[in-house]
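Visitor: I have a model open on my screen and some labels I would like explained. Could you take me through the reasoning behind them?

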Amino acid sequence: MKHFFALLLAAQVATGAQIVLEDFRVEPMSLRLGESFTVRARAVAKEVKLGSFLLRTANEIKKEDALPGFPIRSSGYCYVGENKKYHLLDNGSLDRDKAASAFAIEISTRGWKDGRYPLAFFASNRPAAGAFVAARHDFVVTVRGTQVTIEDLGGNSPAKSSIITEFSVQDRLSVRFAPNAAATLKITDAYYVAPSEVLPGFSYDAEKKKTFLVIPSQDGVASLTLDTRGWPAGAHHLMLQALSTSGRVVDQRPFAIKVAGPNDRLNVTVEPSVLFGPGTHFGRFAKLRDGTLFCAEKLSRDGGRTWEAGTGGFGEGAEQLRDGTVIGLVYRCLPVKEKEGWYTVTRHTSKDGRRFEKDEATMFVPEAKGAMGHGPHVGPLFMRSIIERKDGSLVAYMAGWFKGDDALCPYGRGRPYSRSYVCESNDGGRTWRYLATIGYEQIGSEGYNEGSMRRLTDGSWLAVMRTGNATDLKCQDNPIMWSVSRDEGRTWSKPQRTGLEGCYPSLAVLSDGLLVMSYGRPGAMIAFSADGGRTWTDVTCVDATTRSGYTDVVEVEPGLLLVGFGTQHYLDPPTGERTDGLRLARVRYTSGTTRR
């Protein structure tokens with residue numbers, strides 16, 4: 001599902017097609033049960049036609065929990081409907097605002113039960129065919145007895161940030177904002193947190209599973225010294241929000257505070273990032289022995305400073321073999337009709353280190369089955385990593401579901417806990433067969449899935465694995481796990497916690513013997529290990545943008561790393577514009593005592 005989503009947004013950026021919600025508000029923000037609130041929005045479309053509006057539950061809900069006034073049910077969501085269709089037309093029968101490109105709809109709370117109801121509003125190009133172009137804004141309606149309150153959660157429109165005019169976090173947090181547009185400043189969490197993660201000085205909202213700290217301000221100016229005494233070591237992702245008098249979020253800025261740990265020994269410097277290309281989910285670097293870098297369908301011969309197109313792409317991940325051949329696989333494996341357990345997967349190969357050719361490989365995983373992940377999957381999923389054994393055979397890191405993997409995880413949407421495993425090939429990647437499971441258990445909000453696998457300097461292999469997502473309200477324990485193999489992938493140790501959390505962890509073995517791992521969500525992060533991945537130190541935020549979180553890291557020269565990361569609504573400081581894109585940042589590190 002992630003590749004489909006990334007492709008659509010890439011098309012949106014590449015063509016310039018864009019829909020922005022210039023205005024969004026819910027009125028009133030507090031009312032009595034049985035009364036109505038009004039959702040108001042105004043949309044602007046660029047290089048695409050505004051097609052419709054949509055209001056639905058933000059999460060899938062059970063049929064018996066359907067909301068009054070949301071009569072249409074599809075894929076687990078409940079929608080407000082118009083003539084049995086969930087696309088609400090501008091100036092249609094439910095629109096209370098007859099201005100063009102503006103929409104207002106009244107929603108009655110009559111018959112709503114006690115609870116918290118996250119809702120999502122969209123303006124999009126649908127029902128037109130083609131790439132999906134949309135803006136989204138979320139809010140929550142909470143019913144307690146006879147009282148109804150509404151909280152604005154903000155939107156994803158890549159609009160210009162104009163309320164917060166200055167923002168810096170050095171020794172103090174300093175903010176300037178437009179006092180006529182914002183009444184209150186507060187700091188909250190980028191994503192959900194557990195009660196055990198509440199930082200000293202912050203209050204905790206157990207229902208929202210977020211902490212908050214109100215910042216005093218006067219005449220559009222605020223300054224605060226954050227006392228980090230008692231904060232755990234690591235990077236703490238926070239969000240500065242500017243709220244209107246009604247409590248609506250009118251602007252926000254993500255940031256991260258690093259608290260040095262007792263074992264941190266590196267000085268790490270992150271240089272300003274640059275745009276690499278369109279998209280939101282960063283893929284994978286492939287580095288050849290001569291230093292050539294591949295990424296997407298581009299290559300670089302100068303450590304990522306400049307790139308040229310036309311390689312044809314290498315799939316989800318690739319490895320250069322001892323004979324110089326570069327082999328990669330795509331993400332999805334597709335079932336072969338009438339051959340249970342057999343799948344096809346597109347293989348990419350390059351003999352010249354310049355261009356890749358495609359053919360079809362086969363994969364035999366007899367226990368594999370399709371299941372619902374972030375989207376529907378029909379078979380095994382390749383997870384970026386291939387290692388060549390001493391005898392020339394290959395091992396690939398995979399993830400997915402086996403027969404009997406039926407226990408549902410907190411992520412919901414009918415998703416079972418997933419597993420990570422490896423397959424081997426004895427014919428140069430033309431045929432693959434299941435070899436061994438790295439990890440399967442009911443852990444995190446998803447179970448073992450995305451990850452990376454590398455050969456270490458002592459000859460052992462290390463795998464790191466995602467187990468969930470910090471955006472899942474029902475689970476705030478989503479550790480990145482590690483496992484080691486000492487027999488070239490045939491058996492694996494019981495997975496253990498790294499002490500870090502995030503999505504799609506990616507490993508690189510550095511020339512000085514250290515390991516570096518990139519991961520994300522929130523932000524784009526790196527951490528270092530000097531003991532083969534058992535413990536991780538010098539946690540560093542490369543970028544604090546909360547959305548996306550897919551990353552990779554590669555060493556371009558001793559002491560210099562290139563980190564790639566995807567962003568959604570990245571705030572460009574010089575212009576104040578929010579855009580989507582794939583970005584690159586150079587990160588330098590030297591030995592020494594890390595400064596706080």
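Guide: Gladly! Two strands count as paired if DSSP finds at least two bridges between them. Bear in mind that this is a predicted model. With that rule, one open sheet has 4 strands in the order β21-β22-β23-β24, paired antiparallel.

Visitor: What makes β21 and β24 the edges of that sheet?

Guide: β21 (285–287) and β24 (308–309) each have a single partner strand, so one side of each is left without a neighbour in the sheet.

Visitor: How do you know that β22 and β23 pair?

Guide: Count the bridges: 3 join β22 (residues 293–295) to β23 (residues 298–300), and the two run antiparallel. The cut-off is at least two bridges, so 3 bridges make β22 and β23 a pair. Within β23, lysine 298 is the bridge partner of cysteine 295.

Visitor: Why is strand β39 described as largely enclosed?

Guide: Buried means under 20% relative accessible area. In β39 (residues 479–485), 7 of the 7 residues are buried, so the rest of the structure largely encloses this strand. Pro479, Met481, Ser483 and Ser485 point one way, Ile480, Trp482 and Val484 the other, and all are buried.

Visitor: Which strands pair with β39?

Guide: β38 (residues 461–465) pairs with β39 in the antiparallel sense over 5 bridges, with tryptophan 461 bridged to serine 485. β39 is also joined to β40 (residues 496–501) by 3 bridges, again antiparallel; there, proline 479 has glutamate 501 as its partner.

Visitor: Why is cysteine 423 not in a disulfide?

Guide: The cut-off is sulfur atoms within 2.5 Å. The closest cysteine sulfur to that of cysteine 423 is in cysteine 333, 7.7 Å away, so it is too far for a bond. Cysteine 541 also fails: its closest cysteine sulfur, in cysteine 503, is 13 Å away, too far for a bond. The structure holds 0 disulfides.

Visitor: Are those two cysteines buried or partly exposed, and how do you know?

Guide: Cysteine 423 has 0% relative accessibility, so it counts as buried. Cysteine 541 has 23%, so it counts as partly exposed.

Visitor: What makes serine 529 count as buried?

Guide: Serine 529, in strand β43 (residues 524–529), has 1% relative accessibility, so it counts as buried.

Visitor: And what makes the link between serine 529 and aspartate 531 a polar contact?

Guide: The limit for such an atom pair is 3.5 Å, and these side chains are joined at 2.9 Å, so the pair qualifies. The serine 529 side chain also reaches the backbone nitrogen of glycine 533 at 2.9 Å.

Methods:
Residues are numbered from 1 along each chain as its sequence is written. This is a predicted model: local features need pLDDT of at least 70, side-chain atom pairs count only at pLDDT 80 or more; totals for chains, interfaces and linings use all residues. Side-chain values use heavy atoms; hydrogens and water are left out. Buried means under 20% relative accessible area, exposed over 50%, partly exposed in between (1.4 Å probe, protein chains only). A polar contact is a pair of N or O atoms within 3.5 Å; within protein, one must be able to donate a hydrogen and the other to accept it, and residues adjacent in sequence count only if both atoms are side-chain atoms.
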